[in-house]
Amino acid sequence: MKRLITLVFWLIMVATVTTLFIFANKKQEKQVCKEFKIEIDYEGAPELVSKTTLRQEITQNKLKIKGNETGKLEIEKIHSILNSNPFVKKATLTVGVNGIVKAAVVQRKPLVRVADLQGRQFYIDEEGFLMPLSHEFSARTVIANGNIRPVNKISNVVSKDKPQYQNLRPDLKSIYLIAMALKKDPFYEALIEQLYLDENQEFQLYPKIGHQSIIIGDTTGIAEKLRNLKIFYTEGMKQRGWDAYHTINLKFRNQIVCSKPN
C-alpha cells in the first residue's frame with residue numbers, strides 16, 4: 001500500500017511539473033519581443049561587418065523581430081541568414097524570458113588579401129575560408145598578388161574530415177601556409193607587406209622597409225626559412241644597412257644567398 005501511495009505521489013508530481021512547463025512555454029511564446037540585440041565578437045581581428053549590416057540583411061528578408069511574439073519568430077531562418085554572411089564564422093540566437101532576443105556573432109579573421117591575375121580581390125581567413133572584400137571596412141593584412149590564377153567565384157568547399165585550408169587549390173593553399181607562418185611571429189608581421197607569386201610559380205616576399213626581394217620558393221621548410229630570415233635581418237642587416245642587398249634568396253636549405261644592387 002505504501003509503495004502504491006508513493007507511486008501515485010510521483011505520478012502527480014510529474015504531471016504537475018509537465019503542466020507548469022507547458023503553461024510556461026505557452027506564456028513565453030506569447031511574450032512580445034521588446035528588443036533585438038546583436039553582439040559581434042571580432043576576436044581582435046579587423047572589423048569587416050557591422051551590426052547595422054546584419055540587421056539590414058534580416059529586414060531585407062522581411063523578418064520582423066522587435067514587436068513580434070517570440071513564438072512567431074522564425075528563429076531558424078534568422079539563424080540561417082546570419083550564418084550565411086561571408087564574414088560570420090558563427091552566430092547563435094537566444095530568446096530570453098524577458099522578451100529580449102540576442103544574436104551572438106563571431107566574425108571571421110582575415111589573414112591575407114589576395115589579388116588574382118584579373119584583378120579580383122578577396123580575403124582568405126585564418127581557417128582557410130575565402131571571403132569577399134567588405135563594402136564597409138578594409139582590413140590591413142599582408143597582400144598576395146602576381147601570377148595567381150583567376151578566381152571566378154568566391155565559394156568554399158567544406159569537408160568535416162580535414163582542416164578547411166586543405167580544401168584550397170594549390171596556389172591558394174601555399175599563400176595560406178606562408179601567410180599563417182608570417183602571422184605566428186610579430187616580427188614577420190611588422191616586416192612583410194607583400195607576397196608575390198612569380199612566373200616560375202615561386203614565391204617572393206617584399207618588406208615594408210628596404211628594397212629587397214626575398215625569394216622563398218615554395219612552402220617547403222617555410223618555418224626554417226623564416227627563422228633564417230629573422231636572424232639575417234636582426235644580425236646581418238644591422239651591420240650592412242637595409243639597402244645593402246637587392247635579393248635575399250632563402251630557397252636553399254641552411255643557406256642565405258644575397259646579391260647586391262647593380
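## Helix α2, the nine-stranded sheet and two positive phi values

Just after helix α2, Lys62 takes a positive phi of about 60°, in what is a predicted model. Lys62 is not a glycine, and its place is in the loop between α2 and α3. A second residue other than glycine, Gln201, also has a positive phi, near 60°, and is found in the loop between β8 and β9. As background, most residues other than glycine have a negative phi. The table sets out the two residues with their surroundings.

| Residue | Phi | Loop | Relative accessible area |
|---|---|---|---|
| Lys62 | about 60° | between α2 and α3 | 76%, exposed |
| Gln201 | near 60° | between β8 and β9 | 44%, partly exposed |

Since exposed stands for a relative accessible area over 50%, Lys62 at 76% counts as exposed, whereas Gln201 at 44% is partly exposed.

Helix α2 itself spans residues 51-60, and within this helix Thr53, Leu54 and Ile58 are buried. Viewed down the axis of α2, the buried residues fall within an arc of 140°, so they line one face of the helix. On the other side of α2, Thr59 and Gln60 are exposed. The cover over the buried residues of α2 includes the strands β1 (35-41), β2 (88-95) and β3 (100-107), together with helix α3 (75-84).

Further along the chain there is an open sheet of nine strands with mixed pairing, in the order β6-β5-β4-β7-β8-β9-β10-β11-β12. Its edge strands, each of which pairs on one side only, are β6 (130-132) and β12 (257-259). On average, and with direction ignored, neighbouring strands of this sheet are turned by 25° against each other. Within the sheet, β8 (residues 192-197) and β9 (residues 203-207) pair in the antiparallel sense over five bridges, and Phe203 in β9 is the bridge partner of Leu197. The loop between these two strands is the one that holds Gln201.

Helix α4 (residues 170-183) lies across several strands, among them β4 (110-115), β5 (121-125), β7 (142-146) and β10 (213-217), and runs at about 135° to β4.

For the protein as a whole, the secondary structure comes to six helices and 12 strands, and buried residues make up 38% of the 262 residues. Of the contacts between residues at least 6 apart in sequence, 54% join residues at least 24 apart. The accessible surface comes to about 16,000 Å², of which 54% belongs to carbon and sulfur atoms.

Conventions: Residues numbered from 1 in each chain as written. Predicted model: local features only at pLDDT ≥ 70, side-chain atom pairs only at ≥ 80, totals over all residues. Heavy atoms only, no water. Buried < 20%, exposed > 50% of the residue type's maximum accessible area, 1.4 Å probe, protein only. Helix = DSSP H or I, 4+ residues; strand = E, 2+ residues; numbered from the N terminus. Arc of directions from axis to C-beta. Contact = heavy atoms within 4.5 Å. Pairing = 2+ DSSP bridges. Axes fitted to C-alpha atoms, helices over the stretch in contact; angles between N-to-C directions. Areas by Shrake-Rupley, 256 points an atom, 1.4 Å probe, with all protein chains shown as cover.
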